[in-house]
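This briefing covers the bonds and strand pairings of one protein chain. Please keep the sequence and the 3D view open while reading.

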Amino acid sequence: QVQLVESGGGLVQAGGSLRLSCAASGSIFSINAMGWYRQAPGSQRELVARIYSSGSTNYADSVKGRFTISRDNAKNTVYLQMNNLKPENTAVYYCMLSTKYNTYWGQGTQVTVSS
């Protein structure tokens, strides 16, 4: 079984920064991608950033230039550096890991950006 442990969420003022971490453990084979999704109140869950096993990345248009996803393959850990945060970035952020056969989710971590 795969477990995803998230950390780094919290409360920050607009313009500030946070760094989220997600460490994966368990029986992990053939990782396709790791990434971050978020769900704001009244909205559906959406992709924030994703990094593939090849190193290629995807970002939501709204976060390009402000957020950076990175990984440490030796630790099975993915990071999301979030700079110049805006109130509209307030959401629960979920770590995701996908393999050839399954998709796994973390429990979510709250990010709140005050104006």
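Arg38 and Glu46 form a salt bridge, in which the closest N and O atoms are 2.9 Å apart. The model is a predicted one, and the points below take up its salt bridges, its disulfide and its strands in turn.

**Salt bridges**

- The whole structure contains 2 salt bridges.
- In the pair of Arg38 and Glu46, Arg38 has a relative accessibility of 6%. Buried means under 20% relative accessible area, so Arg38 counts as buried.
- Its partner Glu46 has a relative accessible area of 37% and is partly exposed.
- Asp61 and Lys64 also form a salt bridge, and here the closest N and O atoms lie 3.1 Å apart.
- Are Asp61 and Lys64 buried or exposed? Asp61 is exposed, and Lys64 is exposed as well.

**The disulfide**

- A disulfide is a covalent bond between the sulfur atoms of two cysteines.
- The structure has 1 disulfide, which links Cys22 with Cys95 at an S to S distance of 2.0 Å.
- Why does the pair of Cys22 and Cys95 tie together parts that are 73 residues apart in sequence? Cys22 belongs to strand 3 (residues 18-26), while Cys95 belongs to strand 9 (residues 91-99), so the pair ties together parts with that separation in sequence.
- The torsion about the S-S bond of Cys22 and Cys95 is about -85 degrees, so this disulfide is left-handed.
- Both Cys22 and Cys95 are buried.

**The open sheet of strands 1, 3, 8 and 7**

- Strands of a sheet pair through backbone hydrogen bonds, and the pairing is either parallel or antiparallel.
- Here, 4 strands make up an open sheet in the order 1-3-8-7, with antiparallel pairing.
- The edges are taken by strand 1 (2-7) and strand 7 (67-72). Each of these has a single partner strand, so one side of each has no neighbour in the sheet.
- From one strand to the next, the twist averages 15 degrees.
- Strand 1 is paired with strand 3 in the antiparallel sense, over 6 bridges. Ser7 has Ser21, in strand 3, as its bridge partner.
- Strand 7 and strand 8 (residues 77-82) run antiparallel and are joined by 6 bridges. Within strand 8, Gln81 stands opposite Thr68.
- Which residue in the turn between strand 7 and strand 8 has a positive phi? The two strands form a hairpin with 4 residues between them, and Asn76 in the turn has a positive phi of about 50 degrees.

**Pairings of strand 4**

- Strand 4 (residues 31-39) runs antiparallel to strand 9, and 8 bridges join them.
- Met96 in strand 9 has Gly35 opposite. Strand 9 is also where Cys95 of the disulfide lies.
- Strand 4 is joined to strand 5 (residues 46-52) by 6 bridges as well, again with the strands running antiparallel.
- In strand 5, Tyr52 is the bridge partner of Ala33.
- Strand 4 and strand 5 form a hairpin with 6 residues between the strands, and Gly42 in this hairpin has a positive phi near 80 degrees.

Key
Residues are numbered from 1 along each chain as its sequence is written. This is a predicted model: local features need pLDDT of at least 70, side-chain atom pairs count only at pLDDT 80 or more; totals for chains, interfaces and linings use all residues. Side-chain values use heavy atoms; hydrogens and water are left out. A disulfide is a pair of cysteine sulfur atoms within 2.5 Å. Buried means under 20% relative accessible area, exposed over 50%, partly exposed in between (1.4 Å probe, protein chains only). Two strands pair if DSSP finds at least two bridges between them. Axes are lines fitted to C-alpha atoms, for helices over the stretch in contact, and angles run from 0 to 180 degrees between N-to-C directions. A salt bridge is a side-chain nitrogen of Lys or Arg within 4 Å of a carboxyl oxygen of Asp or Glu.
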